[in-house]
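Here is a small set of exercises to work through with the model open beside you. Try each task on your own before you read the solution.

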Amino acid sequence: MELKPYEKERIIEALKGYFYDERSEELGMIGAENLYAFILKEIGPLIYNRALNDASMVLERQMDSLIEEMLVLKKD
């Protein structure tokens, strides 16, 4: 998964800030980029698949509702 450069920069800065605030450690650019790559590789697909499943459930509910509405319009 590829993010836009400004999105990647924002995440890397957030990681650096998190490490400083939570662990009182300076996370350098290379360390932050490595952590970013790890998170994207290991966690990104899980989040992506969960989002797909959630969207699928919403669409399924909407489709069921549309089918019910069409059945109401059906003439005998």
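## Exercise 1: two sides of α2

On α2, the face turned away from the buried side carries the exposed residues I30, N34 and K41. The model is a predicted one, where local features need pLDDT of at least 70 and side-chain atom pairs count only at pLDDT 80 or more, while totals for chains, interfaces and linings use all residues. Residues are numbered from 1 along each chain as its sequence is written, and side-chain values use heavy atoms, with hydrogens and water left out.

**Task.** Find which residues of α2 are buried, and work out what they pack against.

**Solution.**

Step 1. Fix the terms: buried means under 20% relative accessible area, exposed over 50%, and partly exposed in between (1.4 Å probe, protein chains only). Helices are DSSP runs of H or I with at least four residues, numbered from the N terminus.

Step 2. Apply the cut-off to α2: A32, Y36 and L40 are buried. They cover an arc of only 70 degrees around the axis, so they sit on the same side of α2. The arc is taken from the directions that run from the helix axis to the C-beta atoms.

Step 3. Look at the partners. The buried residues of α2 pack against α1 and α3, where contact means heavy atoms within 4.5 Å.

Step 4. Return to the other face with I30 as an example. I30 lies in helix α2 and counts as exposed because its relative accessibility is 65%. Its C-alpha atom is separated by 9.8 Å from that of I12, 18 residues apart along the chain.

## Exercise 2: helix lengths and the face of α1

**Task.** Check the spans of α1 and α2 against expectation, then say which residues of α1 are buried.

**Solution.**

Step 1. The expected span of a helix is 1.5 Å times one less than its number of residues.

Step 2. Helix α1 (residues 5-23) has 19 residues; from its first C-alpha to its last it reaches 26 Å, close to the expected 27 Å. For α2, 14 residues should span 20 Å, and the end C-alpha atoms are 20 Å apart, which agrees.

Step 3. In α1, the buried residues are I12, L15 and F19. Seen down the axis of α1, they fall within an arc of 55 degrees, so they line one face of the helix. An α-helix has 3.6 residues a turn, so residues three or four places apart point the same way.

Step 4. Name the neighbours: the buried residues of α1 pack against α2 (29-42). On the other side of α1, Y6, E9, R10, D21 and E22 are exposed.

## Exercise 3: charge pairs and the loop

**Task.** How many salt bridges are there, and which residues form them?

**Solution.**

Step 1. Use the rule that a salt bridge is a side-chain nitrogen of Lys or Arg within 4 Å of a carboxyl oxygen of Asp or Glu. By this rule the count is two.

Step 2. One joins the side chains of K16 and E13, at 3.7 Å from N to O. Both residues lie in helix α1, three residues apart, about one turn of the helix. K16 counts as partly exposed because its relative accessibility is 23%, and E13 is partly exposed at 44%.

Step 3. The side chains of E25 and R23 also meet in a salt bridge, at 3.1 Å from N to O. E25 is partly exposed at 33% relative accessibility, and R23 is partly exposed at 48%.

Step 4. Now look at S24, which follows α1 and sits in the loop between α1 and α2. Its phi is near 55 degrees, a positive value in a residue other than glycine. With 64% relative accessibility, S24 counts as exposed.

## Exercise 4: α3 and the chain start

**Task.** Where is P45 found, and how far is its C-alpha atom from that of M1?

**Solution.**

Step 1. P45 is found in helix α3 and is partly exposed, with a relative accessible area of 39%.

Step 2. The C-alpha atoms of P45 and M1 are separated by 8.3 Å, although 44 residues apart along the chain.

Step 3. For another pair, E2 and I47 are 45 residues apart in sequence and 14 Å apart in space, C-alpha to C-alpha. E2 belongs to the segment before α1 and is exposed, with a relative accessible area of 76%.

Technical notes:
Helices (H or I, at least four residues) and strands (E, at least two) are DSSP runs, numbered from the N terminus.
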